[in-house]
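Could we walk through this model together, one question at a time?

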Amino acid sequence: MREFFNVVPPDEALATLLDRLDVSVRGEVVQTAQALGRVTAEDLVSPEDMPPYPRSTMDGYSVRARDTFGASESLPAFCDVVGEVAMGSQPQVCLSTGQAAVAYTGGMLADGADAVVMVENTQRVGDGSIEILRPVAPGENVIQVGEDTEAGDTVIPKGQLIRAQDVGVLFGLGITQVAVAERPRVAIISTGDELVPPEGSPGPGQVRDINSYSVAALVEDAGGLPVHIGLVPDDYPLQRQAAMDGLERGDVLVFSAGSSVSSRDMTVRVLDELGPPGVLVHGIAHKPGKPTIVALVNGRPAFGLPGNPVSAMVVFGIVVRPVIQALMGRTEPPVTRGVHARLTKDIRSATGREDHVQVKLIEGEDELLADPVFGKSNLISTLVEADGVVVVPLDDGGLYAGDEVFVRLY
């Protein structure tokens with residue numbers, strides 16, 4: 001077998017895989033109501049102008065703008081109110097010189113009107129007239145035809161994540177079905193003689209399986225579909241068969257545990273012998289998660305994550321999540337949500353290694369504080385307690401208490 005465990009930076013490990021990955025997005029049509037969080041498989045184009053008619057943005061009066069020119073509180077303009085345009089109705093009134101009609105937010109304007117005066121800038125005079133205390137320009141307080149979007153405009157481009165506001169726009173245009181990328185199926189295998197199902201009672205030396213379920217949750221959060229292959233003991237033939245099953249049922253294969261270099265860690269051998277080109281990277285310059293495996297098996301990405309839960313979850317975000325997004329045709333990486341805060345404690349690191357350190361955010365007197373949550377890599381409580389993570393770059397030897405840092409929020 002080839003010799004492995006040649007540590008590379010995390011970004012290089014990911015790029016090594018993505019450069020060789022042939023992404024062919026499969027599309028499917030879903031109801032717009034179920035499209036939240038999916039990625040568009042084609043440009044979504046507006047079938048019509050929105051709005052299809054001029055709409056008022058204020059409660060007030062639709063007027064001819066020229067009838068208001070020069071108006072002020074000391075010398076108001078006078079208009080006769082000759083009707084109103086009810087919500088959801090077409091105008092039944094056409095304005096002449098010196099006339100106005102009641103207008104409602106979102107409603108149509110009276111025929112002949114080209115602006116809306118806010119009700120706050122008017123005063124009633126008698127039963128049928130108003131004083132206008134401020135002039136308006138043509139088009140003021142009015143959304144014009146097609147100002148939101150015009151027929152033929154690309155509303156949401158291909159490869160974009162559909163957000164809640166996007167769903168609203170699509171329904172506003174009458175688009176009730178959309179073409180989206182199929183969700184990649186991610187086959188998950190947990191290995192180790194010590195593992196028992198969560199519903200079981202661990203015996204001496206045994207632990208409940210955490211990673212199968214935490215990784216599955218991360219897969220769903222990334223947009224994929226988790227496929228549970230199951231628990232597999234430290235037995236090469238059984239792990240190889242499980243990997244073959246996973247590659248048959250999934251578009252991506254994720255091994256949890258078995259990525260280190262001990263005699264019982266077989267993942268690197270399994271992934272390298274299943275099909276070309278095999279293992280691309282074994283070892284990333286990162287803490288936690290140094291013994292990570294990145295492979296490509298007959299065109300399908302495969303990963304070996306560390307067995308420690310914290311390491312597995314952190315590394316998933318670095319190398320697996322971006323690949324799931326790429327397989328859905330995501331054209332732009334997600335924007336990293338985060339805040340700036342000041343460290344409460346020193347963070348030690350080593351030059352040449354990227355560290356991800358969990359932190360809890362605390363409200364200080366006049367600024368936000370980032371308090372490191374230190375703990376061994378198999379303590380899942382460190383993630384539960386954390387609000388986000390601080391990254392110590394490869395070329396830094398650590399960070400000091402009092403440093404301002406960027407916290408990537410969970």
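**Pocket and sheet**

Reader: Which helix gives the most to the lining of the largest pocket?
Author: Happy to start there! This is a predicted model, where local features need pLDDT of at least 70, side-chain atom pairs count only at pLDDT 80 or more, and totals for chains, interfaces and linings use all residues. Residues are numbered from 1 along each chain as its sequence is written, and side-chain values use heavy atoms, without hydrogens and water. A pocket is an open set of points on a 1 Å grid over the protein atoms alone where a 1.4 Å probe fits, with protein on both sides within 12 Å along at least five of seven lines; lining residues have an atom within 4 Å of a point. With nine residues, the top contributor is helix 6 (helices are DSSP runs of H or I, at least four residues; strands are runs of E, at least two; both are numbered from the N terminus).

Reader: Which residue lies over the face of Y236?
Author: A charge counts as over a ring if NZ of Lys or CZ of Arg is within 6 Å of the ring centre and within 35 degrees of the ring normal. At 3.7 Å from the ring centre of Y236 sits R269.

Reader: Why is one side of strand 16 left without a neighbour in the sheet?
Author: Six strands make an open, mixed sheet in the order 16-13-17-21-20-18, where two strands pair if DSSP finds at least two bridges between them. Strand 16 (225–232) stands at an edge, so one side is left free because it has a single partner strand.
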